[in-house]
Amino acid sequence: MSRLFSAYVIVDWSAAAKPTTGADSVWIGVLKRDVRFRLTFESYNPATRNEAEAKLAVILDDLKKRGERALVGFDFPLGFPRGFSQALNLPGETPWRAVWDQLNKMVKDKADNTNNRFGVGSEINRRLTGGPFPFWGCPPKDALTTLQPKRTREHGPDDLPEFRHADVAAKGAHSIWKLYYNGSVGGQAIMGIPAVRRLKDARGEAVRVWPFETGFKALTEADLDGVEAVVAEVYPSLIKAVPGPGEIKDLAQVRGLAEHFAKLDEAGKLAALFGPDKDAPAQLVEDVQTQEGWILGASI
């Protein structure tokens, strides 16, 4: 089987509230072929999400000109636990897209990284439960009646799930309801999904979001006819990245993941990772491709 992609772009996102570089900031790693068709790596460390979004647009435009299809991995969830869209009574028959559209309306992300992610979490909590649940985590100064610094209670059987199917499969993944502290993927998702939505909408059908638009299935060359990029969720901790001389952990992880997927693709083993294990329950597959999304490389 021939490889599906010519380039591999891995994005380590950040929900930082001020411009920042280095550790715990946005890193973009690009693995692409040079004039001799050898894979070469380059990285970028923009200080703001605004700059990162602009850099990603330039990268994708360049790859399009070169006729190279890209796998673009983001290290945050592209969907929420099953039932989220329905619990918010969002319009439309496509739950994942309804959530994307709702977040796009709510999120305010300024050029200096100032953002309202805690306000968004608080407002969603108000609509869902009227209290500080299910989202939690914020600096004490940002605490509100409907958002508290610490988790106020456990998830019960009548609540939305604490974890997506993919989070359970990945073992050790943090909950999307966590908005602050280390591993606050909820903050990253709230700030990241609108950016991915803009990237997708600017390019239309040339960019496909996995598994929502491709289906949760092994991909073939025919599936990607006319596609310039496939957007997927990735999880850096799925591999052990070893920093090289002068590399910080964040940079090593985007490089390591790009190299990992490139090697699998070259060996004809990447395509199968876009689908579920053969014994995956039908309901799980339905949840994944309509609401929750999946982590590329996670196994049930």
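**Salt bridges, one helix, and the empty space**

Arg3 and Glu266 form a salt bridge, with 3.5 Å between the closest N and O atoms. This pair joins distant parts of the chain: Arg3 sits in the segment before strand S1 (7-12), while Glu266 belongs to helix H7 (residues 249-266), and 263 residues separate the two. I should say at once that this is a predicted model.

Stay with Glu266 for a moment. Its side chain also meets that of Arg33 in a salt bridge, 3.0 Å from N to O. Glu266 is in helix H7 and Arg33 in strand S2 (residues 27-33), so this pair ties together parts that are 233 residues apart in sequence. Are the two arginines buried or exposed? Arg3 is partly exposed, at 29% relative accessible area. Arg33 is buried, at 9%, and the cut-off for buried is under 20%.

For the whole model, the count comes to 30 salt bridges. One more is worth showing. Arg97 pairs with Asp101, and their closest N and O atoms are 3.1 Å apart. These two residues are four apart in helix H3, which means about one helical turn separates them. Asp101 is partly exposed, with a relative accessibility of 26%. The pair is also part of a network: salt bridges with shared partners join Arg97, Asp101, Arg197 and Asp201.

Next, helix H4, residues 117-128. What span should its 12 residues have? At 1.5 Å a residue they should span 16 Å, and the end C-alpha atoms are 16 Å apart, so the model agrees with the expectation. Several residues of H4 are buried, namely Arg117, Phe118, Val120, Gly121, Ser122, Ile124 and Asn125. The cover over these buried residues includes helix H2 (84-87), helix H3 (95-106) and helix H6 (185-203). After H4 comes Gly130, with a positive phi near 75°.

Now the pockets and cavities. The largest pocket holds about 840 Å³ of space. It is lined by 32 residues, and those closest to its centre are Asp24, Asn182, Gly183, Ser184 and Gln188. Which elements give two or more residues to that lining? They are H6 and H7. H7 has the largest share, with three residues. By class, the pocket lining divides into 13 nonpolar, 10 polar and nine charged residues.

Take Ser184 from that central group. It lies in the loop between helix H5 (165-170) and H6. With a relative accessible area of 15%, Ser184 is buried. Leaving aside residues up to four places away in sequence, Ser184 touches Lys178 and Leu179.

As for closed space, the structure has three cavities of 30 Å³ or more. In the largest cavity there is about 50 Å³ of space. Its lining consists of Leu60, Leu63, Lys64, Glu68, Arg203, Val207, Glu228 and Ala229. Helix H1 (residues 49-65) gives the most to this lining, three residues. Sorted by class, the cavity lining has four nonpolar and four charged residues, and no polar ones.

To recap: Glu266 has salt bridges with Arg3 and with Arg33. H4 spans the 16 Å expected of it. The largest pocket has about 840 Å³ of space, and the largest cavity about 50 Å³.

How values were computed:
Residues are numbered from 1 along each chain as its sequence is written. This is a predicted model: local features need pLDDT of at least 70, side-chain atom pairs count only at pLDDT 80 or more; totals for chains, interfaces and linings use all residues. Side-chain values use heavy atoms; hydrogens and water are left out. On a 1 Å grid over the protein atoms alone, a cavity is a set of points where a 1.4 Å probe fits but cannot get out, and a pocket is an open set with protein on both sides within 12 Å along at least five of seven lines; lining residues have an atom within 4 Å of a point. Grid points are joined across faces, edges and corners, and a volume is the space filled by probe spheres set on the points. Ala, Val, Leu, Ile, Met, Phe, Trp, Tyr, Cys and Pro count as nonpolar, Asp, Glu, Lys and Arg as charged, and the others, Gly among them, as polar. The expected span of a helix is 1.5 Å times one less than its number of residues. Buried means under 20% relative accessible area, exposed over 50%, partly exposed in between (1.4 Å probe, protein chains only). Contact means heavy atoms within 4.5 Å. A salt bridge is a side-chain nitrogen of Lys or Arg within 4 Å of a carboxyl oxygen of Asp or Glu.
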